[in-house]
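Ready for a short tour? Open the structure in your viewer and keep the selection tool at hand.

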Amino acid sequence: MKATKAFPPYAGKEPYLYLCFSDADQKRVRPLLGRLWRRGVRVWYAADNGATAQALRANEERMRSAALVVLYLDDAFRADVTAKGRALACHMRGQTLLCLNTDGGDSGLSIGLPSDTPTLSLEGASPHEIEAALLRAKGFTQDLLGPPQKEASHWVRALAVTVAVLAALLLTGALLYGRFSPPAAVEPQETDTVFFSDPTLTAAVRSAINGLITEVSLPGVTTLRLSALPEDLSELALLPNLTRIELTQDAVLSDAERVLTLSDTYEIVLIGGDAP
């Protein structure tokens, strides 16, 4: 898997988790990787498959130093010689292994691991459910956790790129025609600095904060009142101190399964009337 700028492999010296998966599973693993990264779990993964001898040695060193090795097990992994080889190498060194069996197929035996290798049965589980099971699993310790991380908004990154391109074009045009003059000063305006993709979630957060949505104001949100669950529940991770979610009866009845999932992490309270 190529290293992603959003969730780069951990490169420090604190205890970390090695997430071992097949390259064919990059898209499937990315949501779980994002959830772990935002929570503050130190995660390393092989980003280049050892394209050079130097990269191969670096990968071997990082694999060897991992405090916990987590295998994202599915048919793609079982068919991936490289991924299986890495898992077996970690086992031979006596490292702590944990299998996340995501499809209900053969577990450790199918890839050459002992039958008593700790395995979590997670067939059909969502990234949120896999994350929750991993955090409770034997072998996962608080030593693997650092401070929660915040991913920069895609909208903010795109805006920054657009502004940079426009600035370069303006400067080039001014130099060509020799008529450059500094732009008029623009009065700074206060605005949100953190953005949610779901309008309902945005409205609920703004109501809870009673002001601008910023990295400074978000930690103050401990309770959220919603009339409907957001499509992407992972955005709730942007609220580091959220402990209680108040839902209308309609929201609970229309989305009972995801409400049940959220109850593993948050206190769910049924309310009457309309939420913001």
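Start by selecting strand β1 (residues 17–20) and strand β3 (residues 68–73), which pair in the parallel sense over 4 bridges. Two strands count as paired if DSSP finds at least two bridges between them. Strands (E, at least two residues) and helices (H or I, at least four) are DSSP runs, numbered from the N terminus. Within this pair, pick Tyr-18: its bridge partner in β3 is Val-69.

Before going further, a word on what you are viewing: this is a predicted model, where local features need pLDDT of at least 70, side-chain atom pairs count only at pLDDT 80 or more, and totals for chains, interfaces and linings use all residues. Residues are numbered from 1 along each chain as its sequence is written, and side-chain values use heavy atoms, leaving out hydrogens and water.

Next, add helix α4 (residues 81–92), which packs on the sheet and touches β1, β3 and β4 (97–101); contact here means heavy atoms within 4.5 Å. The direction of α4 makes about 145 degrees with that of β1. For such angles, axes are lines fitted to C-alpha atoms, for helices over the stretch in contact, and values run from 0 to 180 degrees between N-to-C directions.

Now show the whole sheet: an open one of 5 strands in the order β2-β1-β3-β4-β5, with parallel pairing. Why does β2 (43–44), like β5 (119–121), have one side left without a neighbour in the sheet? Both strands stand at the edges, so each has a single partner strand.

Stay here and select the cysteines. How many disulfides are there? The count is 0, a disulfide being a pair of cysteine sulfur atoms within 2.5 Å. The sulfur of Cys-90 lies 6.6 Å from the closest cysteine sulfur, in Cys-20, too far for a bond. For Cys-99, the nearest cysteine sulfur is also that of Cys-20, 9.5 Å away. Cys-90 is buried, with a relative accessible area of 0%, and Cys-99 is buried with 0% as well. Buried means under 20% relative accessible area, exposed over 50%, and partly exposed in between (1.4 Å probe, protein chains only).

Move on to Asn-210, in the loop between α7 (199–209) and β6. Asn-210 is exposed, at 71% relative accessible area, and its phi is near 60 degrees, a positive value in a residue other than glycine.

Last stop: the open sheet of 3 strands, ordered β6-β7-β8 with parallel pairing. The twist averages 20 degrees from one strand to the next. Strand β7 (residues 244–248) runs parallel to β8, joined by 5 bridges. Finish at Arg-244, which stands opposite Glu-267 in β8.
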